[in-house]
Structures are given as structure tokens and as C-alpha cells.
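Here is a short briefing to read with the structure beside you. Take it one topic at a time, and find each part on screen as you go.

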Amino acid sequence: MKPAPFDYVRAGSLEEALEALAGAGADARIVAGGQSLLPMLNMRLARPGVLVDIMRLANLRRIEERGGEIVIGAGVRQAELEAWPRLADTLPLVAAMLPLLGHVQTRSRGTVCGSIAHADPSAELPLALVALGGAVHLRSQRARRRVAAGDFFAGMMATDMADDEMIEAVSFPAARPGTGHAFREVARRHGDFAIVACAAVVDGTVARLAVGGVADRPVVRAMPMPDEAGLDDALNEFAWDLDARDDVHATARYRRDLVRAIGRQVLEEAARCRD
Amino acid sequence: MPRLSAAGRHAVTFTLNGTDVSGAAEPRMLLSDFLRQVVGLTGTHVGCEHGVCGACTVQIDGAPARSCLTLAVQADGCDIRTVEALAGPDGSLDPLQDSFRAHHGLQCGFCTPGILMSLDALMRVRPDASEAEIRDCLSGHLCRCTGYASIVRAAVAAFEKARGGARES
């Protein structure tokens, strides 16, 4: 339960971090808060040769409102976003999720972008990014590119990120008037990874439901409005299409039940709280 | 750019319970092991070593954090507090520890140091914390004696006493 040996680079600038990544390729990993990576290192599920620490880079520790988006730098801790005074107004869905994301003892260190990079299929922040249609801002020595959330997550703990790329920031579209959001998850204990997590966004009369914890990545789909007759069928189809599996936490059948039940609840709640 | 080699041992310096401490650590050394093995303070306990049990919780720059999910080299320059900071120099218990004793808030005691450091941090930022908030804070800790009822009772009593609403038992 101790990490295998690695070199540790304390980057003094973004350029230094990118240089270290370019030099080591797949053998290097970025470490920010470490709350997803350190368990992997301790259990030796990850054995990078080089860790590149980006937490001394002040430029990455910013939350900005820019052109209708909330841009969160790679050094912003989850607790810092939780304490950001504009959170409830601009990202009500994320505000509803954060208290259920790990525990106060992990949110104090863990970063928003780190959770996105880790890409656990049952994690809350990747679900929010997909539900809201956000984007991941990637950076390497070669280039800078922006990937839509739906294209970023490639499977269980797999992403579109190349070996020499790092996440510089993620951006969420800010909530617009007339839009309602709701989030609910079922976990064995408060703060555990979700067995099923559902996020709904209702924008005017357009409804979207995103589901985490079932497929190998968070999945979003357009849904009928809660007062339309087709919703039950649409939820049932969505539940089956996610290809749920039995595992130690829950059966596939239970997961499909949860998608249908919580899916309806969050869509109804999101429709109710449109302002 | 500072690059610390895997095989070498590198100087780590931080403030620990108000005093500067220094020691040498390989990059892979966890803060929990650095505290116990290099500094020699064994009040911080090591349970699961993957961030689930909470026994190793310390305060880093005032916030509760898992010392098993932090590298010693990441803590360089930080302000660290461990359970040893709570009791007075003469060994007198602080009010939180006192409440745990009065309300039977520990059985084997393995999880207690981590719980105390989480509650101590909560008390500083949220002296008015409700029982629900206290339970939320405690959800980041496992007690395998399952003594949760008396842990919650001890914590709630300590917060009430600190607020001056004495509910002696």
C-alpha cells in the first residue's frame, strides 16, 4: 500500500509542466490535489515514473466568468469552488452535487479538473460536465485544444487526452434564466461513489437527462418533458441502452430501476424549479 | 525546475503544530509515514491507506485532509496540525477530547485522532454547526467498533459546550 518510486517535479510554470510531460510521455502523470491519483499510486494501480505537481502555479488557481461560461482552472480545489460566492447562481447543478462529492476531508485537497481527468464513470463532476454540455481545455507543448465533454470521456477512467497533454481548465455553461436543474444519487453511504447518479437540465421545454454510474462513462440524452406521455418509455429505453452490469455494489436490474425512478424525479424537480 | 529523483531522499520542511520541522523523504513517501517515521509523532494513525477510513486525517493549512493521500514533498512549506496539538503541554485534554472521554466517544481509539482533527477544524469554521453538519463531517470517518452513536453524542456536546449552552451529563 505504498507507491512505487517516481521522480517528482514541482513545476514553477505551465511551460515547465508541459516540458516535463513532453519529455516523459506516457510515463508522466500530473498531480494536483492527488485525491484520485494517490489511491491509485498507493494500490499500485498506477505506476508513473514521473509526477508533475502543478499546485504552485497561481495562474491555474482561478475561477472566471467569461462569455457565458464558468472557467475553472486546473489548480482550483473542490472546496474552493464550493465556497465560491457565485456558485449557486451560475452553476446550481454543481452546487447541488458538491456536498455529495467525497467528503469534506477530500474536497479540501481534491481539484475539480482532477476529478474530470480521472474520469471515474460514477463520479459527480464528469456527470455535471456532460449534463451541462461543458468543455475540457487541453494543453500540450504542441497545441491547445478544446474538447466537448461528450467527446472527452472515452470509457472507464479513459479520456481523449494524449500522453503529453494536461487539462488547463474546464468550462461549464452558466445557468440561464428559465432553466431548471436537479441532481440525485443513490450510494451505500453518504459520500461514497454513486450506484446511480442522475442530473436533469430543463431549458424552457427542452429536457435533458444525464446518468452516471451505469455505463462506462456519463451519458446524456434528450428526454420528453415530465408531463408528456412518452417519458416512461423514454426512461425505460435509456435504462436498457446503458447496458447495466451486475457487480458487487448492485445488480443490473436495480440500476435500471434507479435510472427510471430517479430519472423521473430529477426531471420533475428540474421542470418545477425553472425560474 | 526542481526535480526530485525517485531514489534520493530530499529535504522537506513544514510547520508542525506550531514548530518548524525538517526531514528527508523519498518523493513517494506519504505524509502519514513522514509524520510517524521521520518526525516520530505516532498520534496520526494509518488505516486503509487509500483515503477511505479517515484515521490519518490531519489539518493542512487549517483544513482537514487525508495524510495518506498527500505526499510529504507536497506538504513542503505548509502548516500541518496533528492530534498532538490538541492537549496542553501538561497533558490536560482539550474540550473536544474531554467530551469524547465524558461521553464514551471512543472504544479502541484507532479512529479517534482523525475524527478529532476533522471536528476541531469544523469547530473553527462552523462553531454553530448543527448535528446534521457534524454527522456530515463524521461521514468521512470509519469506526470499526461502530461506536458512532456515542461519537456523535460526544461531538454534539462539545459544540454545545463551546457555544456556552451547557448541557452537562
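What follows is a guided look at the two chains, topic by topic.

Please keep in mind that this is a predicted model. We begin with how chain A is divided, then visit some of its strands and helices, and end with chain B and the places where parts touch.

**How chain A is divided**

- The domain assignment splits chain A into domain 1 (7–52), domain 2 (62–173) and domain 3 (180–272).
- If you want a feel for the spacing, the C-alpha centres of domain 1 of chain A and domain 3 of chain A are 34 Å apart.
- UniProt, in an unreviewed entry, lists residues 1–177 of chain A as "domain: FAD-binding PCMH-type".
- That span, residues 1–177 of chain A, is 32% helix and 25% strand, and its end C-alpha atoms lie 49 Å apart.

**A buried strand and a buried helix in chain A**

- Strand β10 of chain A covers residues 166–173, and seven of its eight residues are buried, so the strand is largely enclosed by the rest of the structure.
- Strand β5 (residues 69–73) of chain A is joined to β10(A) by five bridges, and the two run antiparallel. Within this pairing, A:Glu69 has A:Pro173 of β10(A) as its bridge partner.
- Strand β6 (residues 135–139) of chain A also has five bridges to β10(A), again antiparallel. Look for A:His137, which stands opposite A:Ala169 in β10(A).
- How many of the nine residues of helix α8 (residues 124–132) of chain A are buried? Nine of the nine are, so this helix is largely enclosed by the rest of the structure.
- Among the buried residues of α8(A) are A:Glu124, A:Pro126 and A:Leu132.
- Just after α8(A) comes A:Gly133, with a positive phi of about 70°.

**The four-stranded sheet of chain A**

- Four strands of chain A form an open sheet in the order β11-β12-β13-β14, with antiparallel pairing.
- Which strands are at the edges? They are β11 (179–186) and β14 (219–223) of chain A, each pairing on one side only.
- From one strand to the next, the twist averages 15°.
- Strand β13 (residues 206–212) of chain A is linked to β14(A) by five bridges, and these strands run antiparallel. One spot to find is A:Leu209, whose bridge partner in β14(A) is A:Arg221.
- Helix α11 (residues 252–272) of chain A lies across β11, β12 (196–203), β13 and β14 of chain A. This helix runs at about 30° to β12(A).

**The two domains of chain B**

- Chain B has domain 1 (3–85) and domain 2 (95–162), and their C-alpha centres lie 23 Å apart.
- The contact between them takes 15 residues from domain 1 of chain B and eleven residues from domain 2 of chain B.
- On the side of domain 1 of chain B that touches domain 2 of chain B, β4 (57–60) and β5 (63–66) of chain B each supply at least two residues. The largest share of that side, three residues, comes from β4(B).
- The residues of that side divide into eight nonpolar, seven polar and no charged.

**Where chain A meets chain B**

- This contact takes 30 residues from chain A and 29 residues from chain B.
- On the chain A side, β1 (7–10), α2 (37–42), β3 (50–53) and α6 (104–107) each supply at least two residues. The largest share, four residues, comes from β1(A).
- The chain A residues that touch chain B divide into 13 nonpolar, ten polar and seven charged.
- Two bridges join β1(A) to strand β1 (residues 3–4) of chain B, and the strands run antiparallel. Here A:Tyr8 stands opposite B:Leu4 in β1(B).

**Two loop residues to look up**

- Most residues other than glycine have a negative phi.
- A:Arg44 has a positive phi of about 60° although it is not a glycine, and this residue is found in the loop between α2 and β3 of chain A. A:Arg44 counts as exposed because it has 11 C-beta neighbours inside 10 Å.
- B:Asn17 is not a glycine either, yet has a positive phi of about 50°. B:Asn17 lies in the loop between β2 (10–16) and β3 (19–25) of chain B. With 18 other C-beta atoms within 10 Å, B:Asn17 is partly exposed.

Note on methods: Residues numbered from 1 in each chain as written. Chains lettered and ligands numbered in written order. Predicted model: local features only at pLDDT ≥ 70, side-chain atom pairs only at ≥ 80, totals over all residues. Pairing = 2+ DSSP bridges. Axes fitted to C-alpha atoms, helices over the stretch in contact; angles between N-to-C directions. Contact = placed C-beta atoms within 7 Å. Domains from an automatic or database assignment. Nonpolar A, V, L, I, M, F, W, Y, C, P; charged D, E, K, R; others polar. UniProt positions renumbered as here; feature names shortened; annotations may be inferred. Buried ≥ 20, exposed ≤ 12 C-beta atoms within 10 Å, placed from the backbone.
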